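Subject: A structure for you to look at

Hi,

Here is the structure I promised to pass on. Have a look at it first, and then read my notes underneath.

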Amino acid sequence: KSIVQVETLGEFGVFFTLFLVGLEFSPERLRKVWKISLQGPCYMTVLMIAFGLLWGHLLQIRPTQSVFISTCLSLSSTPLVSRFLAGSVRGDKEGDIDYSSVLLGMLVMQDVQLGLFIAVMPTLIQAGVSTHSSIFKEILRILILIGQILFSLAAVFLLCLVIKTYLIGPYYRKLHTESKGNKEILILGITAFTFLMLTITELLDVSMELGCFLAGALISSQGHMVTEEIMCCIEPIRDFLAIIFFASIGLHVFPTFVIYELTVLLFLTLSVVIMKFVLAVLVLSLILPKTSQYIKWIVSAGLAQVSEFSFVLGSRARRAGIISREVYLLILSVTTLSLLLAPALWRAAIMKCVPRPERRSST
């Protein structure tokens, strides 16, 4: 009966998960892989949309509907993969391009793409019902929106540079001094900083998830001892709220629909997972250095499922009339089944590709 409240608590689980992942990834570490993180998701989204338009033409589906479905399926689940990475990131060697940095960078970029797509969706709806004479205006409007998102990203990263240089050090030292013998102040102070960052990114029309990740990355710049202290306080809260988040995903599943359409859903899910895996391997083969080619299999396994944010996009698109109820239920079911398959695929990739000393912490 209280599905909205459950989902809201689940969102807090996502926020703390990304904060802790950001805490484990210093800005210096992410700087090594920023080009791969930027190029990879863009190429994958373009390829998914191209394949979607091709299949849509063969199946006589409207182009706007094909673009929407392809974009939904191109996103991967940041909270789920963050849980996969939680134990593996500490064991990576310094100086190398490791799979955890590449994968996390690509997922954060996909969250930015999600914010962009939500901003563009009203224009996409308008383009679907407009005449050919006004299509040029809609394309121009989309380009303006992309420019606004890029400007917002630049503003966010400039603000992060200012906070890292002038504010985060004194803020944490004050928190540390006040919280001796009273960890509640430390937890409240860190939570307040996380919510400040997600509010800033939300006001600038960038995803809240990026704000949480950046909050963790900024605090990690204060050193290893700070990271360990905060992790001990925040991890139990994150685990409890993450449980609620993954349970809330199950609330979107309609068992009768899954049972009646099981054969179709299994075929669609396997097709989507295999296609995303193959596309990711192809893209990473082109953009990864030759010395790091082995990680493409692990990164591709991490990107092969569909993001739970397709629930949000699907709900908005259904209300706007872009997709029918049947297509909406198909997207929900395929997303859920792909999330269920993800741990098995990830474990298989880790067992096959990761050297033995790192494998224990990764699985």
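Below is what I found, going from the whole chain down to single residues.

Before anything else, keep in mind that this is a predicted model. The mean pLDDT of the chain is 80, and 87% of its residues reach 70 or more. Confidence varies along the way, though: among the elements of the chain, helix 8 has the highest mean pLDDT (91), while helix 16 (residues 356-362) has the lowest (50). There is also a stretch, residues 89-95, where pLDDT stays under 50; the model has 16 contacts beyond four places in sequence for it. Where pLDDT is low, the predicted coordinates should not be read in detail.

Now the overall picture. The chain has 16 helices and zero strands. It holds 363 residues, and buried ones make up 51% of them. If you take contacts between residues at least 6 apart in sequence, 80% join residues at least 24 apart.

What about the inside? In soluble globular proteins, nonpolar side chains tend to be buried together. Here, the largest nonpolar core has 82 residues, and the ones with the most contacts inside it are Phe19, Phe68, Met197, Ile219 and Ile230. Helix 6 (residues 99-129) gives this core its largest share, ten residues. Try clicking on Ile219: leaving aside neighbours within four places in sequence, its contacts are Phe19, Leu23, Ile168, Ile190, Phe193, Val226 and Ile230. A second, separate core has eleven residues, among them Met48, Phe257, Val306 and Leu337.

Next, the charged pairs. Side chains of opposite charge can pair when their charged atoms come close. How many salt bridges does a search of the whole structure find? It finds four, and here are some of them.

- Glu178 and Lys174 meet through their side chains at 3.2 Å, N to O. They sit four residues apart in helix 7 (residues 132-178), so about one helical turn separates them. Glu178 is partly exposed, with a relative accessible area of 41%, and Lys174 counts as exposed at 52%.
- Lys183 and Glu229 form a salt bridge at 3.3 Å, N to O. This pair links distant parts of the chain, 46 residues apart: Lys183 is in helix 8 (residues 183-203) and Glu229 in helix 10 (residues 224-250). Lys183 is partly exposed, with a relative accessible area of 40%, whereas Glu229 is at 18% and so is buried, the cut-off being under 20%.
- Asp239 pairs with Arg238, and their closest N and O atoms are 2.9 Å apart. Glu235 comes in here too: salt bridges that share partners join Glu235, Arg238 and Asp239 into one network. Asp239 is partly exposed at 33% relative accessible area, but Arg238 counts as buried at 5% relative accessibility.

Helix 15 (residues 325-353) deserves a stop of its own. At 1.5 Å a residue, its 29 residues should span 42 Å, and its end C-alpha atoms are 41 Å apart, so the two agree. Where is the kink in helix 15? You'll find it at Leu341, shortly before the proline Pro343, and it is about 35°. Helix 15 is also the place of Ser333. Ser333 is buried, with a relative accessible area of 7%. Not counting residues up to four places away in sequence, Ser333 touches Phe257, Val258 and Leu265. You have met Phe257 already, as one of the residues in the second core.

Thr71 makes a nice companion to look at. It is found in helix 4 (residues 63-74), and it is buried, with a relative accessible area of 8%. Beyond residues up to four places away in sequence, Thr71 touches Ile49 and Phe117.

Last stop: helix 13 (residues 296-303). Is it mostly covered or mostly uncovered? Mostly covered, as seven of its eight residues are buried. They are Lys296, Ile298, Val299, Ser300, Ala301, Gly302 and Leu303. Yes, there is a lysine on that list of buried residues.

Happy exploring!

How values were computed: Residues numbered from 1 in each chain as written. Heavy atoms only, no water. Helix = DSSP H or I, 4+ residues; strand = E, 2+ residues; numbered from the N terminus. Buried < 20%, exposed > 50% of the residue type's maximum accessible area, 1.4 Å probe, protein only. Contact = heavy atoms within 4.5 Å. Core = buried A, V, L, I, M, F, W, Y, C linked by side-chain atoms within 4.5 Å. pLDDT = per-residue confidence, 0-100. Expected span 1.5 Å × (residues − 1). Bend = angle between axes of the 7 residues up to and from the residue.
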